[in-house]
Amino acid sequence: MAPAAAKDIGVASAVVNHVTGLYGGRSRALAAGNSIFSNEHIRTGDASSAQILLRDKTSLSIGPRADLTLDRFVYNPDRSTGRVVLSATQGAFRFITGAQNPTHYTIKTPVANLGLRGTILDVLISRNPTTGETTTIVILISGSVTGTVGNKQYVLNIPGTAYVFSSDGSTGGSRLMFFDASSSR
């Protein structure tokens, strides 16, 4: 449970199976309708998922075995200004920017920092248990995203394109990702 003085930054609008929040040194099982707080560390278990809606209308859908922290949330609804920063270390999620200036959103991963511009994107962060290598895959749905690795920047601005960033320093170039629905029948 969060301290009484803590101000919530959003709500868990949907929770499936085992999802926990760690805030102020205390762990809690999240349920639909629970408040979400700045600096809350959220984890999903196997076959678990959650949807988080922040006060600025940012939407974050989190898949199984995900691990992320809502590092910073500042929002002034009268001016639509502020900042959203989250750190994700593993798992899959979809991030949809809210009502703030699109340049005020950042997602930190173990391999790249992502700056968003009015964006919907899917992110998958995985770690190879044998080699220890971490890979971050970013797929742009709409808007644009800039991935920063070291001092290099990689821009996605065409929906359906993706980058693969690896902890070994390699980066896969932007390429179109296609899904052939007829092959899944």
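Let me start with the pocket. Lys7, Asp8, Ile9, Tyr23, Phe37, Ser38, Arg55, Phe73, Val74, Tyr75 and Pro77 line the largest pocket. This is a predicted model, so please hear every value as computed from that model.

The largest pocket has a volume of about 160 Å³. Which strands each supply at least two residues of its lining? They are strand S1, residues 8-16, and strand S8, residues 67-76. S8 gives the largest share of the lining, with 3 residues. Sorted by class, the lining has 7 nonpolar residues, 1 polar residue and 3 charged residues.

Before going on, a word about confidence. The chain has a mean pLDDT of 88, and 91% of its residues reach 70 or more. Over residues 178-185, however, the pLDDT is below 50, and this stretch has 1 contact in the model beyond near neighbours in sequence.

Now back to one of the lining residues, Asp8. Aspartate 8 sits in strand S1. Is it buried, partly exposed or exposed? Its relative accessible area is 21%, so aspartate 8 is partly exposed; the buried class takes values under 20%. Leaving out residues up to four places away in sequence, aspartate 8 touches Ser35, Ile36, Phe37 and Arg55. Take the last of these, arginine 55: aspartate 8 and arginine 55 are 47 residues apart in sequence, while their C-alpha atoms are 8.6 Å apart in space. Arg55 and Phe37 are also on the list of residues lining the pocket.

Further along in S1 we find valine 11. Valine 11 has 29% relative accessibility and therefore counts as partly exposed. Its contacts, with neighbours within four places in sequence set aside, are Gly33, Asn34, Ser35, Ile36, Gln51, Ile52 and Leu53. For a distance in this area, take valine 11 and leucine 54: they are 43 residues apart in sequence, and 6.4 Å apart from C-alpha to C-alpha.

Next, the loops. Most residues other than glycine have a negative phi. Which residues here go the other way? One is asparagine 39, with a positive phi of about 70 degrees although it is not a glycine. Asparagine 39 is in the loop between strand S4, residues 35-37, and strand S5, residues 41-44. Another is lysine 57, which is not a glycine either and has a positive phi near 75 degrees. Lysine 57 belongs to the loop between strand S6, residues 49-54, and strand S7, residues 59-62. With 68% relative accessibility, lysine 57 counts as exposed.

A third loop residue is arginine 79, found between S8 and strand S9, the latter covering residues 81-96. Arginine 79 counts as exposed too, at 65% relative accessibility. Along the chain, arginine 79 and asparagine 101 are 22 residues apart, and their C-alpha atoms are separated by 9.7 Å.

That leaves the aromatic rings. A pair of aromatic rings is described by the distance of the centres and the angle of the planes. How many aromatic pairs does the model have? The count comes to 6. I will go through one of them, tyrosine 154 with phenylalanine 165. Why is this pair edge-to-face? The ring centres are 5.6 Å apart and the planes stand at 65 degrees, so the pair is edge-to-face, since that class takes angles over 60 degrees. Tyrosine 154 is in strand S13, residues 152-156, and phenylalanine 165 is in strand S14, residues 161-166, so the pair ties together parts that are 11 residues apart in sequence.

Are these two residues buried or exposed? Tyrosine 154 counts as buried, with a relative accessibility of 18%. Phenylalanine 165 counts as buried as well, at 1%. Ring pairs also bring in Tyr163, linking Tyr154, Tyr163 and Phe165 into a cluster.

Phenylalanine 165 turns up once more, among the contacts of threonine 135. Threonine 135 is in strand S12, residues 134-149, and it counts as buried, at 16% relative accessibility. Not counting residues up to four places away in sequence, threonine 135 touches Leu124, Ile125, Ser126, Val164, Phe165 and Ser166.

To recap: the largest pocket takes the largest share of its lining from S8, and the cluster of rings joins Tyr154, Tyr163 and Phe165. The stretch to treat with caution is residues 178-185, where the pLDDT is below 50. That is all from me.

Note on methods: Residues numbered from 1 in each chain as written. Predicted model: local features only at pLDDT ≥ 70, side-chain atom pairs only at ≥ 80, totals over all residues. Heavy atoms only, no water. Phe/Tyr/Trp six-rings, centres within 6.5 Å; stacked < 30°, edge-to-face > 60°. Helix = DSSP H or I, 4+ residues; strand = E, 2+ residues; numbered from the N terminus. Buried < 20%, exposed > 50% of the residue type's maximum accessible area, 1.4 Å probe, protein only. 1 Å grid on protein atoms, 1.4 Å probe; cavity = no way out; pocket = protein on both sides within 12 Å on 5 of 7 lines; lining within 4 Å. Points joined across faces, edges and corners; volume = space filled by probe spheres on them. Nonpolar A, V, L, I, M, F, W, Y, C, P; charged D, E, K, R; others polar. pLDDT = per-residue confidence, 0-100. Contact = heavy atoms within 4.5 Å.
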